[in-house]
Structures are given as structure tokens and as C-alpha cells.
Amino acid sequence: MLCEGMIPRRRDGRIILHIDYDAYFAQVYEIENPALRSLPLAVQQKQIIVTCNYEARRRGLHKLQLISEARKVCPDVVIVLGEQLDRFRDASKDLYKYIEGFTWNKKVERLGFDEVFLDVTDIISYNQALLNSNDLRHAFFQLSRNDPTVGFPFDATTVAGHEYPEGSAQLSASEMEHSELYTRLILGSHLAQHIRHKLVEEKGYTSTVGISTSKLLSKLVGNLHKPRSQTTLMPPYERLDDPQAFRDHISMLDESCTSNVTLFIDSHDIGKIPGIGFKMSQKIRNHVLSRPAQIEEVLIYGGTRESVTVGDVRRYPGMGPEMLEKLLGGPGSERGIGYKTWGLINGIDDSEVSMIRKVPSQISIEDSYIRLDTIAEVYKELRMLCTTLLKRMRVDLLEDEEEEEDFQSPDSPQAMVSRLVSHVASTASKRWIAHPKTIRLTTRPRPPLKLSSTRSRTFNRISRSGPLPSFVFNLHEEIDVLVEKLVQETLVPMFHRLHPEKLGWNLSLINIGVTNMVETATSDGTGRGRDIGRMFKRQGEVLKEWKVEDKDIPPDIINERRVEIVTSDGSSPGLQAEPSTANEAMETNWEDALNFAQITMDEDVEWEDEESQGSNRCHTCGAGIPAFAMAAHRLYHTLGD
DNA sequence: TGGGGTCAG
DNA sequence: ACTTCTGACCCCA
């Protein structure tokens with residue numbers, strides 16, 4: 001008897017696509033140099049092939065192969081270096097933004113460089129409602145809610161690409177004709193195919209896609225047919241316990257055939273399920289294998305480890321959320337891990353595809369070392385890592401300052417002055433879209449070679465963190481200078497907190513990271529997908545008379561700072577430029593603008609609470625600036641160049 | 001918030 | 001050889 005209550009109910013209302021670019025690193029090179037496409041191409045990191053194109057695989061190469069071996073197997077292989085990740089990261093971001101363009105709800109989530117999840121539920125529902133059941137073969141998929149001509153024709157009676165199980169459309173056609181899910185998955189498969197085609201046409205990338213109702217299932221099912229293909233996990237997803245369906249499918253009632261989800265997921269090795277990693281799969285394996293009384297064939301003495309499949313675990317006597325909770329729970333482990341894992345084992349994953357994110361939640365740089373045990377070497381490495389980190393921050397957290405959108409009213413002093421600046425000086429300035437508040441230093445001490453062997457626990461990295469000084473946001477200073485300052489003032493003290501002993505340590509790794517991002521406020525957080533209506537509205541407003549008002553000024557700092565900042569004496573520690581010069585320039589060239597800023601100060605304004613301070617940072621140097629002084633502060637930067 | 005663990009690509 | 005260089009999320013105090 002099946003214990004119904006132990007299996008969480010399926011919720012298959014969503015349609016989720018999982019996109020995986022084929023042999024990603026290799027493809028990036030192929031696009032830069034199309035001549036490589038027809039050749040066996042391998043990407044090298046250290047002494048290994050990290051990935052290779054399918055031509056190379058056809059000739060016997062594979063991932064994580066030694067270079068020496070690869071050359072033996074395929075002497076004419078073209079090997080390129082893949083240690084510098086910048087090009088891969090850039091291409092990945094570009095593809096991500098392109099793919100976002102297909103979504104309506106902005107639910108698009110990147111996993112690593114080469115995978116993207118899309119929640120296309122809304123698009124599918126919309127098109128499902130549009131289907132004409134009298135002529136499904138000549139359906140039209142609408143990609144836009146506004147323009148019914150944007151889209152593509154398709155045959156809504158068949159799945160695009162592969163399906164799992166193979167030929168399942170014919171097998172249970174009678175049941176599925178009435179299945180809502182069946183229709184929605186068909187729609188999903190055609191949308192997936194369209195996106196794949198567009199990725200090739202517009203970006204030159206081939207990809208592999210999985211189509212199902214959750215991140216878990218779409219990711220897993222996509223693996224069935226690679227490369228340049230797609231697979232849809234077909235219904236029924238539910239166990240057939242409806243009496244009528246029960247009789248119709250009496251021949252399928254063998255337990256493994258109750259639903260295609262179970263059929264599909266049961267065959268996977270337990271460690272292949274996303275979310276069940278090395279540690280957890282080991283714990284589960286040990287438990288399942290260490291009770292061989294139930295299963296004669298499984299012997300642990302032989303030393304050969306039997307593979308444990310999801311099916312083995314799912315059907316293990318007494319297995320359920322409680323048992324998994326006992327197995328996997330404990331201090332440090334995630335709350336409700338047993339229930340979550342039991343869900344995964346039953347093909348249930350309710351986790352959301354997250355909204356598109358413009359900024360990462362952390363940026364870190366690390367390097368590993370054979371031996372690193374002198375303070376001088378450490379300083380040198382800190383400087384190198386810091387340099388890379390600050391450059392990365394300028395790439396990932398900086399954005400072209402385009403016409404100052406939405407968030408602040410178009411006639412606010414900031415926007416006004418900003419327009420003046422970019423118009424008259426035609427300065428293509430940059431702004432920070434986020435400010436990390438914290439910097440962290442991590443090291444991995446070399447394992448104490450021959451200790452009393454208590455436990456070689458995963459006890460790997462140790463770290464210290466502290467506030468990130470705001471001078472690092474100063475774009476007018478040379479990186480080298482900022483690095484030197486950051487190392488001396490922040491990282492060296494942090495290092496000594498981490499390693500108080502003068503000698504005796506030996507590091508195998510150093511990592512420097514910035515975290516705790518505070519996003520600079522923009523209206524929608526995406527910075528993309530301009531609203532046409534809003535643009536028109538704005539144009540009108542720009543023509544209106546200036547309004548003098550500003551409600552974003554924190555009360556506590558205005559009195560002490562107002563004079564200082566308006567006279568631009570560089571009260572922010574990060575400002576290095578000559579104050580008098582900037583000041584002079586402002587007064588001579590920007591009198592009106594300055595007056596404008598002055599007027600603003602004298603207005604009777606309302607104050608916002610402390611919370612608003614985060615949005616009153618200078619985009620350029622990161623200094624906290626009262627809103628009323630921001631306009632003048634911007635001028636200062638512009639003229640400082 | 002600081003420090004650490006697990007998982008993933 | 002579970003490597004390397006990340007990044008996300010979760011837990012505990």
C-alpha cells in the first residue's frame with residue numbers, strides 16, 4: 001500500500017525550460033573563429049581538457065582528460081587556453097540578456113556560465129487560451145501580448161523535438177488528449193525550439209533544452225538528447241489513482257510505471273539529482289547499502305560500490321521524509337532537508353526560477369599556491385588579487401550612465417544637472433549600479449601534513465571580513481593607487497587577524513571577495529525593457545519648467561555637510577582631485593547649475609528617514625552625499641577629468 | 001553581521 | 001585527481 005500522505009502533492013502548473021549551451025567554452029572560441037567549427041577543438045586549463053567540441057568528442061576526447069592523453073588519441077586536435085574567464089563571462093551575460101528578451105515575467109536564472117532556466121508559464125497560458133481546437137495543426141504562437149503578428153506558426157498536435165518516454169504521445173494518446181498539461185508541454189516544446197533557433201540565428205550558439213514543470217525535471221530531462229536538441233518530459237506526471245484512469249491503464253500499474261516522472265527519475269543515480277551533492281548522496285548510499293539484509297545482491301564486502309539509484313532509495317523499506325531527516329539532518333544542515341530531499345526523490349521541486357538579476361551578490365577572486373609562507377609573498381599576492389578584483393568590480397558593477405531613468409523625477413535637480421552635464425560636456429560617464437559594503441579575506445592553510453590524524457574534516461577555508469572602504473569606488477584614481485591603499489589599510493590588518501602567528505603558516509589558497517551588495521535604486525531593478533509609454537511621458541515632462549523640490553535629503557547630515565560639499569572640498573576620503581580647481585571650474589562654467597543646487601537647499605523640504613541614505617551615494621566615487629548636494633558633486637567629478 | 005558548510009558548473 | 005575558480009544559499013551564534 002502506498003503511503004499517500006508522505007508524498008507531497010505535485011504542482012505542475014508551471015512550464016520551465018532549461019537551456020544548456022553545447023560545449024560552452026569551445027563554442028565561445030568557435031564563434032570568435034568560425035574556422036574552428038569543423039575541427040576537433042579542446043579548451044585547456046592547467047594540464048587538462050576542461051571541455052571540447054563535439055567533433056573532438058567524436059574522435060574520442062572527453063572532458064577532464066589529460067592534455068598528453070588527448071594528443072595521443074587525437075594528434076590533430078586544436079587546443080586553446082581557457083584560463084582567462086573574461087570572454088566566457090562576457091558571452092554568458094550577453095546570451096542571458098538576449099534570452100531574457102523572450103520572457104514576459106523576467107523569471108530567468110543563470111546557473112554557471114552555460115545554463116539558463118526560464119519560467120515561461122505566463123506565455124504558455126496565454127497561447128493555450130488562443131488555441132483553436134478545430135485547427136491545431138495550423139496554430140500560431142504569439143510571442144508578444146501587444147502585437148499578435150509577432151510569433152511563429154506551429155503544429156500544436158505534436159511535440160517539437162524529442163519526448164520522454166519515446167513515442168509516449170502515441171502510447172497514451174487517448175488519455176492525454178484531455179490533459180491540460182499535455183497541451184502546455186507541447187506549447188513549451190515549440191517555444192523552446194523557437195528560442196533555440198533564434199540563439200543560433202542571432203547569436204550563433206547551439207544549445208540543448210529540457211522542457212517540464214520544474215527546474216529539477218527540465219534540467220534532468222534535457223540531458224537525454226545532446227547536443228543541439230531538446231527533450232520534453234511527457235505526461236502523465238500524476239500517479240493514476242482515479243478509478244476510471246486506473247482501469248484504462250491497468251496494464252501499466254506496475255509500480256515503476258505509475259507516472260512518467262517516477263519512471264524517469266527512478267533511473268538516476270542518487271548523486272545525479274541536483275541538490276543532492278557529494279555529502280548527502282554518501283550518507284544516503286551508506287544507509288541504503290549498509291542494510292543488505294533486504295537485498296541479497298548488494299554486498300559491501302566486495303569493495304565494489306553498487307550504484308544506488310533514486311528508485312532504490314525511494315523504495316527502500318521505511319524510506320520517507322522522516323528517515324531522510326534523520327539521515328541528513330543535524331546541526332548545520334538545512335531545515336526540513338528530509339522533506340525537501342524526499343520531494344526531489346519523488347520528482348517534486350517547487351523552487352522558483354528567480355527574477356533576472358543585474359548584479360551578482362558577491363564578487364570574489366582567488367588563486368591557489370603550491371607554497372606561500374612569507375609575508376612579502378602574501379603582500380604581493382594580495383596586490384595582484386586586489387587589482388583583479390577592482391577591475392572586476394568596474395566591469396560587473398559599473399554601467400553607462402544613460403539618461404538617468406525613472407527612479408528620480410525627470411525634473412529633479414540631479415536629473416537636470418545630469419542632463420546639462422551630458423549635453424554640454426557630452427561625457428559618457430559611468431555609474432555604480434551596486435556598492436558592496438563588505439570585503440572578505442579567505443585563506444586555506446595547507447593541511448598540517450602529519451597531525452595526530454584526528455579528523456581530516458572539510459575544515460578548509462577560514463575567513464575574516466570587514467567594511468569595504470568607499471574610496472575603492474573612486475573612478476578617477478588609478479587602480480594601482482586604490483589597490484595599495486586597500487591592501488595596506490584593510491587587507492593586511494585582516495590578514496593578521498586571520499594569521500596572528502608570525503611564522504609557521506603555509507597557505508594553499510587566498511581569496512578576496514566583496515559582498516553585501518547595496519543596489520543603487522532604479523525603478524524596476526532590471527534596467528532593461530524600456531517602457532515606451534514612459535519614454536513619451538518623459539519627453540513631455542522634460543519640456544516643462546523646472547520644479548524645485550527634493551525629498552531625498554537625510555536630515556542628520558545636511559547641516560554639517562552642506563557647506564563642505566557644495567564647495568566641493570573633497571570631504572569624501574576617496575576624492576583626490578584638486579578641490580580648488582574643481583570648485584573654480586564649477587563656479588565659472590556652471591553658475592546656473594550651482595545656483596540651482598543652492599536653491600534646492602533653501603527650499604522647505606521633507607526628510608526621509610535613514611533608509612534612503614543608501615540611494616544617496618555618488619555613483620562615481622561611492623561617497624555618501626546628501627541628495628541636495630549630489631548635483632554639485634556630480635559636476636565636481638565631471639570637471640575633474 | 002561574522003564565520004562556516006554544502007552544492008553546482 | 002574530486003583538480004580549479006568561482007557563486008549562491010543556508011545555518012549558527
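Here is a walk through this model, from its confidence scores to the DNA surface, one helix and one loop.

What you're looking at is a predicted model, in which local features need pLDDT of at least 70, side-chain atom pairs count only at pLDDT 80 or more, and totals for chains, interfaces and linings use all residues. Residues are numbered from 1 along each chain as its sequence is written, chains are lettered from A and ligands numbered from 1 in the order in which they are written, and side-chain values use heavy atoms, with hydrogens and water left out.

Let's begin with confidence. Chain A averages a pLDDT (the predictor's confidence in each residue, from 0 to 100) of 76, and 67% of the residues score at least 70. Over residues 419–427 the pLDDT stays under 50, and the model has 18 contacts (heavy atoms within 4.5 Å) for them beyond four places in sequence. Residues 625–633 are also below 50, with 36 contacts beyond near neighbours in sequence. Where pLDDT is low, don't read the predicted coordinates in detail.

Now for the DNA. There are 19 residues around DNA strand B (a heavy atom within 4 Å of it), and Asp-114, Lys-219, Gly-275, Ser-463 and Ser-465 come nearest. Of the strand B atoms within 4 Å of the protein, 100% belong to sugar or phosphate. The side chain of Asp-114 puts an N or O atom 2.8 Å from a sugar or linking oxygen of strand B. The backbone joins in too: a polar backbone atom of Ile-273 is 3.4 Å from a phosphate oxygen, and a backbone N or O atom of Ile-276 also lies 3.4 Å from a phosphate oxygen of the strand. Helix H12 (278–289) and strand S17 (462–467) are the elements giving two or more residues to this surface; helices (H or I, at least four residues) and strands (E, at least two) are DSSP runs, numbered from the N terminus. S17 supplies the largest share, 4 residues.

Next, take helix H14 (residues 321–328). Pro-321, Met-323, Leu-324, Leu-327 and Leu-328 are buried there, meaning under 20% relative accessible area (1.4 Å probe, protein chains only). Down the helix axis they fall within an arc of 160°, so they line one face of H14; the arc is that of the directions from the axis to the C-beta atoms. H12 and helix H15 (337–345) are among what covers these buried residues. Just after H14, Gly-330 takes a positive phi of about 125°.

Finally, find Asp-373 in the loop between strand S13 (362–368) and helix H16 (375–396). Asp-373 touches Trp-505 and Asn-506, not counting residues up to four places away in sequence.

Notes
Polar contact = N/O pair within 3.5 Å; in protein donor to acceptor, adjacent residues only side chain to side chain. Buried < 20%, exposed > 50% of the residue type's maximum accessible area, 1.4 Å probe, protein only.
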